[in-house]
Amino acid sequence: MRWFKRIYSIIFILFLVCSLTIDSRQTIEAHPGRTDSSGCHTCRTNCEKWGLSYGQYHCHGGTSSSSGNSGNSSSANNNYYSQQQAQQEAIRQQQIKEEQERIQREQAEMEKNSGIVEGYDYKIAHPNEDMEDLTGKSDSYVQGYKEGFDKAKTELEDKTISLADKNASIDSKTLNAPSEAIPEGVIQALYTSTYQEKFKEYEEDFFYEVKSNAQYSAMIDVYDKYGKGDYSKEIEDKGRELYKKSYDTYYGYYQEEVEDSIEDAYDFGQNAGRRLARHDYSEYERFKDYKVYEDIIQSYKKGYGKGKRDRLIQLLLLGLLIVLGILGWYYFHKKRRKYKECQAKEHMIVNQENEESSHNNQHVEIDKVTDEIKDRNDIQSFKENKDQSKCEKHVDDIIQPNIYANLSPNIKKHKIFLNQEVSHIKYGKGIIVEISGKYFQVKFKTKTSKFIYPDAFEKGYLTTKNES
């Protein structure tokens, strides 16, 4: 086949060379314009193109009949013919060269097209093989072969990926593991990697879809109060168990959510009722299209009513407390005024006792004080007229400690008077510097302390000089 093409090209080139030679000779022997009987004529058109001047008489193959210009015409014709031959030869060589280049291009194109076909067919027939050995092949053929091979490879890759994607999409819903089968006419390595990758993706999508369906079914059954249902028969065998498990999980979740929402609605309504605010159901808009919405709103209204009643009760109690506070304040100030009056009278009595004690050289004998207090009719009448127990207690505090007759014999000996020396179990020796009713003060080296008579002696805190 290739030898035939080369022989054909050589014959065609020889034929072209012969044709150009004949045309050149004809062109040299004649050019446009009629000649006379001598084969001559005068140049009137494109004279410079033919190497002539305008109006020049010249001949073609014969002698000139003009006697004046015969020598010049012959010389000009010779120059003209030489130039024409040289030009025609250059044109002929250029045409031969162009024709040869055209034939080479056509031959290269034919070889390239042949390579494209053969490379394409080879890759289609051997999808898992590389290119053949192209040693000895022309560059055009190799280039075409690679183009055809790459084109087939691209088509095979697209076909392989598409088929792997399709099979993975189907198998992921029915098979527990990727299939190891590889169809014919695909790139095996590419098919296997693509199929496994797509199988995993589609399987995840399948499981996600199963869970989503279970979630939606559970939500509808809870929100619309249909109760539990069994829709697993509508699911592929591979996802049936997952659907059941997911449905139960989501059903419990949504059921708990609704219960919590009902409780929250009650609390929320109760808080709104306590604030005496307007009804606000915006928190539960997501349930508005379902039957459970009525239960939630009903719970909200119950809570609102409870909160409103509690608020009114609180306001009533607050008002009552305010009234009681006012009354208590009034009662407290009244009692305080009476208590101050009682203290004033007590102070008056104490001052009288101190005055009489100072007149007796500051010797205070509790028996005498008691007799003096008993003789005072104003104190007795004061005590009889007291209607408050607290004031009575103050008066008793003044009178009772000074009545030695009511004291035990062991305590009677503890008669106290100003500047009397006593001894304390902790502070040591001290001097009585002040006596006021049942209270007296003792000055020690480090401090001055106040004591109650006769408790300080009875309990052993203080002793007199006689005792020690």
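Reader: Let's start with the turn: how many residues sit between β4 and β5, and which residue in the turn has a positive phi?

Author: Two residues sit between β4 and β5 in this hairpin, and Gly437 in the turn has a positive phi of about 65°. Strands here are DSSP runs of E, at least two residues, and helices are runs of H or I, at least four, numbered from the N terminus. Do keep in mind that this is a predicted model, where local features need pLDDT of at least 70 and side-chain atom pairs count only at pLDDT 80 or more, while totals for chains, interfaces and linings use all residues. Residues are numbered from 1 along each chain as its sequence is written, and side-chain values use heavy atoms, with hydrogens and water left out.

Reader: OK, so how many bridges join β4 to β5?

Author: Two strands pair if DSSP finds at least two bridges between them. β4 and β5 run antiparallel and are joined by six bridges; one of the partnerships is Ser436 with Tyr439 in β5. On the other side, β3 (residues 421-424) also runs antiparallel to β4 (residues 428-436), with four bridges. Three residues make the hairpin link from β3 to β4, and His424 has Gly428 as its bridge partner.

Reader: Where does Lys445 lie, and is Lys445 buried or exposed?

Author: Buried means under 20% relative accessible area, exposed over 50%, and partly exposed in between (1.4 Å probe, protein chains only). Lys445 is exposed, because its relative accessibility is 83%. You'll find Lys445 in the loop between β5 (439-444) and β6 (448-452). From Lys445 to Gly428 is 17 residues in sequence and 8.3 Å in space, C-alpha to C-alpha.

Reader: And Thr194, buried or exposed?

Author: Thr194, in helix α4, is buried, because its relative accessible area is 11%. Contact means heavy atoms within 4.5 Å. Setting aside neighbours within four places in sequence, Thr194 touches Ile161 and Ala164.

Reader: Now the rings. How many aromatic pairs are there in the whole structure?

Author: Rings of Phe, Tyr and Trp (its six-membered ring) pair if their centres lie within 6.5 Å; planes under 30 degrees apart count as stacked, over 60 as edge-to-face and the rest as tilted. A search of the whole structure turns up 21 such pairs. Take Tyr223 and Phe287: they are edge-to-face, 5.1 Å centre to centre with 75° between the planes. Tyr223 is in helix α4 (residues 188-223) and Phe287 in the loop between α5 (237-274) and α6 (292-359), so this pair ties together parts 64 residues apart in sequence. Both are buried, and they belong to one aromatic cluster with Tyr250, Tyr253, Tyr254 and Tyr290.

For a stacked case, try Tyr300 and Tyr304, at 6.4 Å centre to centre and 25° between the planes. They lie four residues apart in helix α6, about one turn of the helix, and both are buried.

Reader: Which ring does the charged end of Lys450 sit over?

Author: A charge sits over a ring if NZ of Lys or CZ of Arg is within 6 Å of the ring centre and within 35 degrees of the ring normal. Lys450 does this with Tyr439, 4.8 Å from the ring's centre. Elsewhere, Lys137 lies over the face of Tyr141, 5.2 Å from the ring centre.

Reader: Finally, where is confidence lowest and where is it highest?

Author: pLDDT is the predictor's confidence in each residue, from 0 to 100. The protein averages 78, and 69% of the residues score at least 70. Helix α9 (residues 389-399) is lowest, with a mean of 42, and helix α3 (residues 139-171) is highest, at 94. Over residues 359-412 the pLDDT is below 50, though this stretch has 77 contacts in the model beyond near neighbours in sequence.
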